[in-house]
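Trainee: I am new to this structure. Please take me through one part of it closely, the sheet, and then show me how it sits beside the rest.

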Amino acid sequence: MAPGGNGDLQRKQAIVSSLCKHISLDPKAFSSQVPGNDIKTLYTSILKSAGKESPQNNDAVMKWIAFAESFPNDSKACSGRLNELNGDLAQKSVLLGDGFTPSEADAIVFSVVHSSVIGLSNTEKEKLPHVMRWMDYIQNREDLGALFEKILLEKPVFEPQIAKPAAKPEVQANAKGTIQNTQTADKPEAEKNTKKNDSGDNKKKAKGDKEAAPEKKKEPEKEAAEKDKELSVSLLNLQVGLIRKAWKHPSADSLLVEEIDVGEAKLRQVVSGLAKFCKPEDLTNRRVVLITNVKPGKLRDVMSEGLVLCASNEDHSIVEPLMPPEGAKPGERVSFSGIDGKPEDVLNPKKKQLEKITPNLFTDEKGVATFKGIPFMTSAGPCTSSIPKASIK
């Protein structure tokens, strides 16, 4: 494609529309500038019109503008560039930005690669997991549905594992019975005859022991049941929340305070350690997953009435709240297929219930939030994160 051709014009128009959507400007104001200018000039003009100065990481932005300008239109030729982009996105959520906040560079590169990615087969998409995760995040985060055809991703299907836990105790019981029978069979004949000649008192005592045995057996079973109950995610009251307002904690630089709608008459005030990873304005009107049955308490003199669940990469350099899907209503409970149970009214900190459950919370390779591999489900679909294979706390 020669520079200035129709394809080049369409590419620049797509970039202008995406950038204007990102910065909340009308793209029509720049339509006359598109034919005669390159991407760098258009970017600078849009930034100036928005009253924004060049970002501190301007060199990094220029690197991605150069990537966009040199990105080939031919589907075969673009394969290598997509692999390059996939490698760059392996360790981060967005190309540039604070934590999980997309930048102008993300809007530009998304606009350029979209036409090449939309036509890929499912097999080809699977070879670019980081690109697909990033594009899915950008198209939903930036609300680009009116500008670009939505890229559809296959979501993993999980089968509920109900029968396995019930079968385990039965196998153990049968094994125990087999061992007991073997031990009885191996005892000398003389010992068996001695037992037959026991006095009546000994028989009564043996009978009494047998009657007492079930009671002793019940205790370990009860303890095991209690232990399993404590490890079940059903103890947590997980609800979809909508952050109505967020601000910096007055006396702690690492904390933010949020007012969250969970379908109650009054908004819940929650303190979260997210100040290093996102800005208050990025959280406003954002859906989150909230544990609403943690014990309320003050964090640095500010009351907190819940816990926002967040995904984190291995070195904790990227942290973001879990994202319920669009259409999930504030207040609805997050469910897990095959897991029933009533949540505790208030979690008991002394039992360390939350600490025992969170090691089983993680995102899969496609960013779907799970408990032991079972997705966090809402009426509109699973909760997700842009960070694959992340821990959730």
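**The open sheet, strand by strand**

Mentor: Start with S2 and S3. These two strands run antiparallel and are joined by 5 bridges. One residue pair helps you find the spot: glutamate 258 has valine 270 in S3 as its bridge partner. Keep in mind that this is a predicted model.

Now go to the other neighbour of S2. Strand S1 covers residues 238-248, and S2 covers residues 256-261. Their pairing is antiparallel too, over 6 bridges. Look for tryptophan 247, which stands opposite valine 257 in S2.

Next, move on from S1 to S4. Again the strands run antiparallel, and 5 bridges hold the pairing. Here valine 240 is the residue to find, with valine 289 in S4 as its bridge partner. S4 is also where confidence in the protein is highest, at a mean pLDDT of 97 over residues 287-291.

Put the pieces together. The sheet is open and has 5 strands, in the order S3-S2-S1-S4-S7. The pairing is antiparallel. Strand S3 (268-272) and strand S7 (307-308) stand at the edges and have a single partner strand each, so one side of each lacks a neighbour in the sheet.

Now step away from the sheet to a pair of helices. Helix H4 spans residues 79-88 and helix H7 spans residues 129-141. Their axes lie 7 Å apart and make an angle of about 75 degrees. H4 and H7 are therefore roughly perpendicular to each other. From H4, the contact takes in Leu82, Leu85 and Asn86. From H7, the residues they meet are Pro129, His130, Val131 and Trp134. By type, the contact residues divide into 5 nonpolar and 2 polar, with no charged ones.

Finally, take in the whole protein. It has 12 helices and 15 strands. Of its 393 residues, 39% count as buried. Take the contacts between residues at least 6 apart in sequence: 65% of them join residues at least 24 apart.

Check the confidence as you read. The mean pLDDT of the protein is 81, and 77% of the residues reach 70 or more. Helix H8, residues 163-186, is where confidence is lowest, at a mean of 48. Over residues 170-186, pLDDT stays under 50. For that stretch the model has 2 contacts beyond four places in sequence.

How values were computed: Residues numbered from 1 in each chain as written. Predicted model: local features only at pLDDT ≥ 70, side-chain atom pairs only at ≥ 80, totals over all residues. Heavy atoms only, no water. Axes fitted to C-alpha atoms, helices over the stretch in contact; angles between N-to-C directions. Helix = DSSP H or I, 4+ residues; strand = E, 2+ residues; numbered from the N terminus. Parallel < 35°, antiparallel > 145°, perpendicular 65-115°, else oblique. Contact = heavy atoms within 4.5 Å. Nonpolar A, V, L, I, M, F, W, Y, C, P; charged D, E, K, R; others polar. pLDDT = per-residue confidence, 0-100. Pairing = 2+ DSSP bridges. Buried < 20%, exposed > 50% of the residue type's maximum accessible area, 1.4 Å probe, protein only.
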